[in-house]
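Q: Please take one part of this model and describe it closely, together with whatever surrounds it. I would like the cut-offs behind each term to be stated as you go.

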Amino acid sequence: MAAAEPTHPDADPSCDADASRGDTDALDLAEVLAALGHPARLEIVRKLASGEEAFCGEVVPDLPRSSVTHHLRTLRESGVICQRPEGRRQYLTLRRDDLERRFPGLLALVLR
């Protein structure tokens with residue numbers, strides 16, 4: 001029997017499609033806008049806008065690790081992205097559907 005993969009302390013359980021449906025109403029416009037207001041975080045969101053899950057090394061700008069951690073935490077805690085651990089990698093997904101349900105048209109405006 002294989003051991004279960006340990007859960008990363010920064011992992012967000014809302015990455016599960018079923019889990020994220022219930023917390024759409026908890027998204028706060030001020031927090032989302034604040035998260036999207038930084039150029040590095042906006043670039044991460046733009047790279048995730050295709051809808052495909054991506055390894056964080058593929059979408060994170062060339063920044064110090066502490067800055068990357070801060071930006072990903074800000075995006076995750078605001079509800080803009082979710083993060084899923086797989087082995088030693090972290091995979092990121094833009095919560096496009098949840099954001100569109102809560103704030104229709106916001107991402108289209110921001111991603112122009």
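**Helix α5 and its surroundings**

A: Helix α5 has Val68, His71, Leu72, Leu75, Arg76 and Ser78 as its buried residues, where buried means under 20% relative accessible area, exposed over 50% and partly exposed in between (1.4 Å probe, protein chains only). This is a predicted model, in which local features need pLDDT of at least 70 and side-chain atom pairs count only at pLDDT 80 or more, while totals for chains, interfaces and linings use all residues. Residues are numbered from 1 along each chain as its sequence is written, and side-chain values use heavy atoms, with hydrogens and water left out.

The cover over the buried residues of α5 includes α2 (29–36), α3, α4 (56–59), β2 and β3; the helices (H or I, at least four residues) and strands (E, at least two) are DSSP runs numbered from the N terminus. With 14 residues, α5 spans 20 Å from its first C-alpha to its last, close to the 20 Å expected at 1.5 Å a residue, the expectation being 1.5 Å times one less than the number of residues. After α5 comes Gly79, which has a positive phi near 90°.

The sheet beside this helix is open and has three strands in the order β1-β3-β2, with antiparallel pairing; strands pair if DSSP finds at least two bridges between them. Its edge strands, each pairing on one side only, are β1 (54–55) and β2 (81–86). Between β1 and β3 (residues 89–94) the antiparallel pairing extends over two bridges, and Phe55 has Tyr91 of β3 as its bridge partner. Helix α3 (residues 39–48) also packs on this sheet, where it touches β1, β2 and β3, and its direction makes about 80° with that of β3. Helix α5 itself, residues 65–78, lies across β2 and β3 and runs at about 115° to β2. These angles, from 0 to 180 degrees, are taken between the N-to-C directions of lines fitted to C-alpha atoms, for helices over the stretch in contact.

The two strands crossed by α5 are β2 and β3, which run antiparallel and are joined by six bridges. Their hairpin has two residues between the strands, and Gly87 there takes a positive phi near 65°. Across this pair, Gln83 stands opposite Leu92 in β3, and the side chain of Gln83 is also in polar contact with that of Arg76 at 2.9 Å. A polar contact is a pair of N or O atoms within 3.5 Å; within protein, one must be able to donate a hydrogen and the other to accept it, and residues adjacent in sequence count only if both atoms are side-chain atoms. Arg76, which belongs to α5, counts as buried because its relative accessible area is 11%.

A contrast on β2 is Glu86, a residue of that strand, which counts as partly exposed because its relative accessible area is 43%. Its side chain makes a polar contact of 2.8 Å with the side chain of Arg84, and its C-alpha lies 9.5 Å from that of Phe55, although the two residues are 31 apart in sequence.

The packing around α5 can then be followed into the nonpolar core. The largest such core has 26 residues, and those with the most contacts inside it are Val45, Leu48, Leu72, Val80, Ile81, Leu94 and Leu99; a core of this kind is a set of buried Ala, Val, Leu, Ile, Met, Phe, Trp, Tyr and Cys residues joined through side-chain atoms within 4.5 Å. At least two residues of this core come from each of α2, α3, α4, α5, β3 and α7 (106–110), and α3 gives the largest share, four residues.

Leu99 sits in helix α6 (residues 96–102) and is classed as buried because its relative accessible area is 2%. Beyond the residues up to four places away in sequence, Leu99 touches Leu27, Val32, Gly79, Val80, Leu94, Pro104 and Leu107, contact meaning heavy atoms within 4.5 Å. Gly79, the residue that follows α5, is thus among the contacts of Leu99. The C-alpha of Leu99 is also separated by 9.9 Å from that of Asp28, which is 71 residues apart from Leu99 along the chain.

On helix α3, finally, Arg46 counts as partly exposed because its relative accessibility is 37%. With residues up to four places away in sequence set aside, Arg46 touches Val110, Leu111 and Arg112, and its C-alpha is 8.9 Å from that of Val59, with their positions 13 residues apart in sequence counted as their distance apart.
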